[in-house]
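Open the model in your viewer and keep the sequence panel beside it. This tour tells you what to select at each stop, and what you will find there.

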Amino acid sequence: MASGFVHWLKSPKAREYFFSTHFWGPVANWGLPLAALADLRKDEDVISGPMTTALAAYSMVFMRFAWKVQPRNYLLFACHATNTAAQLVQEGRFVNYWYLGGREKRLGPAGVIAQDAAIAAEKVKEKAAQAVKA
């Protein structure tokens, strides 16, 4: 098995593959799942629900594309499968924190009130900045 792979690596077909977008596109795209995996360690209050949903949907669409394109692009498929899994875990963390009581458990009642006040103050600040621009 290993000798067959080494033989393939020396072939023109391998060079053709490694110098194609079929290889370099997915390699460049691995930044998305790597960033998503790194974000799994961040606090839940910084997760963007809409963006996480969009990234999961994007990766699901491109998983299908990688499977349907001929020849199949297994590297692209693996990249988007990893990103889909990571984004769905993030989505679960987001829903748990904001909608299923995770925030109350973590912060307590006083912390929730303080966080809500900080969010409201940030919204007021953003509206004031928009009014100045207009």
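The stops below run from one helix to its neighbours, then to the charged pairs and a few single residues.

**Before you start**

This is a predicted model, in which local features need pLDDT of at least 70 and side-chain atom pairs count only at pLDDT 80 or more, while totals for chains, interfaces and linings use all residues. Residues are numbered from 1 along each chain as its sequence is written, and side-chain values use heavy atoms, with hydrogens and water left out.

**Stop 1: helix α5**

Select residues 49–68, which form helix α5. Helices here are DSSP runs (H or I, at least four residues), numbered from the N terminus. Put a distance between the end C-alpha atoms: they are 29 Å apart. The 20 residues should span 28 Å at 1.5 Å a residue, so the two values agree. The expected span is 1.5 Å times one less than the number of residues.

Now colour Gly-49, Thr-52, Ala-56, Ser-59, Met-63 and Ala-66, which are buried. Buried means under 20% relative accessible area, exposed means over 50%, and partly exposed lies in between (1.4 Å probe, protein chains only). Look down the axis of α5: its buried residues fall within an arc of 115 degrees, so they line one face. The arc is taken from the directions from the helix axis to the C-beta atoms.

Which exposed residues sit on the face turned away from the buried side of α5? Select Pro-50, Val-61, Arg-64 and Lys-68. Pro-50 is exposed at 65% relative accessibility. The C-alpha atom of Pro-50 is 9.1 Å from that of Glu-91, with their positions 41 residues apart along the chain.

**Stop 2: a nonpolar patch**

Show the surface of Tyr-58, Val-61, Phe-62 and Phe-65. They make a nonpolar patch of about 360 Å². Patch residues have over 30% relative accessible area and no salt bridge; nonpolar side chains (Val, Leu, Ile, Met, Phe, Trp, Tyr) are joined within 5 Å, and like charges within 9 Å. Areas come from the Shrake-Rupley method with a 1.4 Å probe, and for residues only the protein chains shown count as cover. Tyr-58 is in α5. At 32% relative accessibility, Tyr-58 counts as partly exposed.

**Stop 3: what covers α5**

The cover over the buried residues of α5 includes α6. Select His-80, which lies in α6. Is His-80 buried or exposed? His-80 is buried, at 1% relative accessibility. Its contacts (heavy atoms within 4.5 Å) are Asn-29, Tyr-58, Ser-59, Phe-62 and Met-63, leaving aside neighbours within four places in sequence.

Move to the loop between α5 and α6, where Pro-71 lies. A cis peptide bond joins Gln-70 and Pro-71, with omega about -5 degrees. Most peptide bonds are trans.

**Stop 4: salt bridges**

How many salt bridges are there? The count is five. The rule asks for a side-chain nitrogen of Lys or Arg within 4 Å of a carboxyl oxygen of Asp or Glu.

Select Arg-106 and Asp-43. Their side chains form a salt bridge at 3.1 Å, N to O. The pair links distant parts of the chain: Arg-106 is in helix α7 (residues 102–133), Asp-43 is in the loop between α4 (31–39) and α5, and they are 63 residues apart. Arg-106 is partly exposed at 42%. Asp-43 is partly exposed at 41%.

Next, select Arg-93 and Glu-44. This salt bridge is 3.7 Å, N to O. Arg-93 lies in α6 (residues 74–99) and Glu-44 in the loop between α4 and α5, so the pair ties together parts that are 49 residues apart in sequence. Arg-93 is buried, at 17%.

Then show Arg-103 and Asp-116, a salt bridge whose closest N and O atoms are 2.7 Å apart. Arg-103 is buried at 10% relative accessibility, whereas Asp-116 is partly exposed at 36%. Now select Asp-43, Glu-44, Arg-93 and Arg-106 together: salt bridges that share partners join them into one network.

**Stop 5: helix α4**

Finish at Leu-37, found in helix α4. Leu-37 is partly exposed, with a relative accessible area of 39%. What does Leu-37 touch, not counting residues up to four places away in sequence? Select Thr-82 and Ala-86. Then measure to Tyr-17: Leu-37 and Tyr-17 are 20 residues apart in sequence and 28 Å apart in space, C-alpha to C-alpha.

Definitions and conventions
Helix = DSSP H or I, 4+ residues; strand = E, 2+ residues; numbered from the N terminus.
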